[in-house]
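Student: Could you take me through one part of this protein closely, and show me how it sits within the rest of the model? I would like one connected account rather than a list.

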Amino acid sequence: MEGLLHVLFQFADLVVFAVLLALGYTIGRARELSHFKSIRRREKEYAGRVASFASRYPPSPQQPQDCVLVSGCVVVGSDYFKQFVSGLRSFFGGRMRAYESLLDRARREAVLRMKEEALRQGCTLIFNVKIESTNITGGNRGALPAVEAFAYGTALRPPRG
């Protein structure tokens, strides 16, 4: 028994690291799945209510329309598990799937927030949609990766009569 305790104390740092890594993975994954579920639900909800297009010009309107600039912005941060896995991936090379899901969530959330703003303003069509993204860690070593996504476009609403 004493020998086992001695071995555990020798590897205590490794055990704590492994437990924290597993905990980070479990909690981070659960939160990410919950966010994706929310995104899919809202995408279905807005599918029939707000149309968005990347085209530069609006479809030919049947009646005069008012134009409104709408936007949506979100900052999504990573977790320590993704940072650890991506560090290994950058050492060995290959796709960084952990960060791809981070960017996907940020982009989709920003578009949804833009659509929410359009609906609040009485708009049902958004054209010339653009999405900008940036890494906001500023290259700070040891900082958790975070990405900002900004979606914007021109929304059309029928004129108030």
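Tutor: A good place to enter this predicted model is Arg 42, which is buried, with a relative accessible area of 10%, and therefore falls below the 20% under which a residue counts as buried. Arg 42 lies in helix H2, and it forms a salt bridge with Glu 116 of helix H4, so that the pair ties together parts that are 74 residues apart in sequence. The closest N and O atoms of Arg 42 and Glu 116 are 3.2 Å apart, and Glu 116 itself is partly exposed, with a relative accessible area of 22%.

Arg 42 also forms a salt bridge with Glu 109, and here the closest N and O atoms are 2.4 Å apart. Glu 109 belongs to helix H4 as well, which runs over residues 97-120, so this second pair links parts of the chain that are 67 residues apart in sequence. Glu 109 is buried, at a relative accessible area of 4%, and Arg 42 is buried too, at 10%. As a general point, side chains of opposite charge can pair when their charged atoms come close. Returning to the pair of Arg 42 with Glu 116, salt bridges that share partners join these two residues, together with Glu 109 and Arg 113, into one network. Over the protein, the count comes to 10 salt bridges.

The helix that carries Arg 42 deserves a closer look in its own right. H2 covers residues 12-47, which is 36 residues, and from its first C-alpha to its last it reaches 52 Å, close to the 52 Å expected at 1.5 Å a residue. Its buried residues are Leu 21, Gly 28, Glu 32, His 35, Phe 36, Ile 39, Arg 42 and Tyr 46. A salt bridge within H2 joins Glu 45 to Arg 41, with the closest N and O atoms 3.7 Å apart, and these two residues are 4 apart in the helix, about one turn. Glu 45 counts as partly exposed at 36% relative accessibility, and Arg 41 counts as partly exposed at 48%, whereas Arg 42 is buried.

Leu 14, also in H2, counts as exposed, at 53% relative accessibility. Along with Phe 11, Val 15, Phe 17 and Val 19, Leu 14 makes a nonpolar surface patch of about 470 Å².

On the partner side, the 24 residues of H4 should span 34 Å at 1.5 Å a residue, and the end C-alpha atoms of H4 are 35 Å apart, which agrees. Just after H4, Gly 122 takes a positive phi of about 80°.

To place this part within the whole, the secondary structure of the protein comes to 4 helices and 4 strands, and from the N terminus on these elements run α-α-β-β-α-α-β-β. Of the 161 residues, 29% count as buried, and the accessible surface comes to about 10,800 Å², of which 59% belongs to carbon and sulfur atoms. Among contacts between residues at least 6 apart in sequence, 80% join residues at least 24 apart; the salt bridges from Arg 42 to Glu 109 and Glu 116 likewise tie together parts that are 67 and 74 residues apart.

Conventions:
Residues are numbered from 1 along each chain as its sequence is written. This is a predicted model: local features need pLDDT of at least 70, side-chain atom pairs count only at pLDDT 80 or more; totals for chains, interfaces and linings use all residues. Side-chain values use heavy atoms; hydrogens and water are left out. The expected span of a helix is 1.5 Å times one less than its number of residues. Buried means under 20% relative accessible area, exposed over 50%, partly exposed in between (1.4 Å probe, protein chains only). Contact means heavy atoms within 4.5 Å. Accessible areas come from the Shrake-Rupley method with a 1.4 Å probe; for residues, only the protein chains shown count as cover. A salt bridge is a side-chain nitrogen of Lys or Arg within 4 Å of a carboxyl oxygen of Asp or Glu. Patches are made of residues with over 30% relative accessible area and no salt bridge: like charges are joined within 9 Å, nonpolar side chains (Val, Leu, Ile, Met, Phe, Trp, Tyr) within 5 Å.
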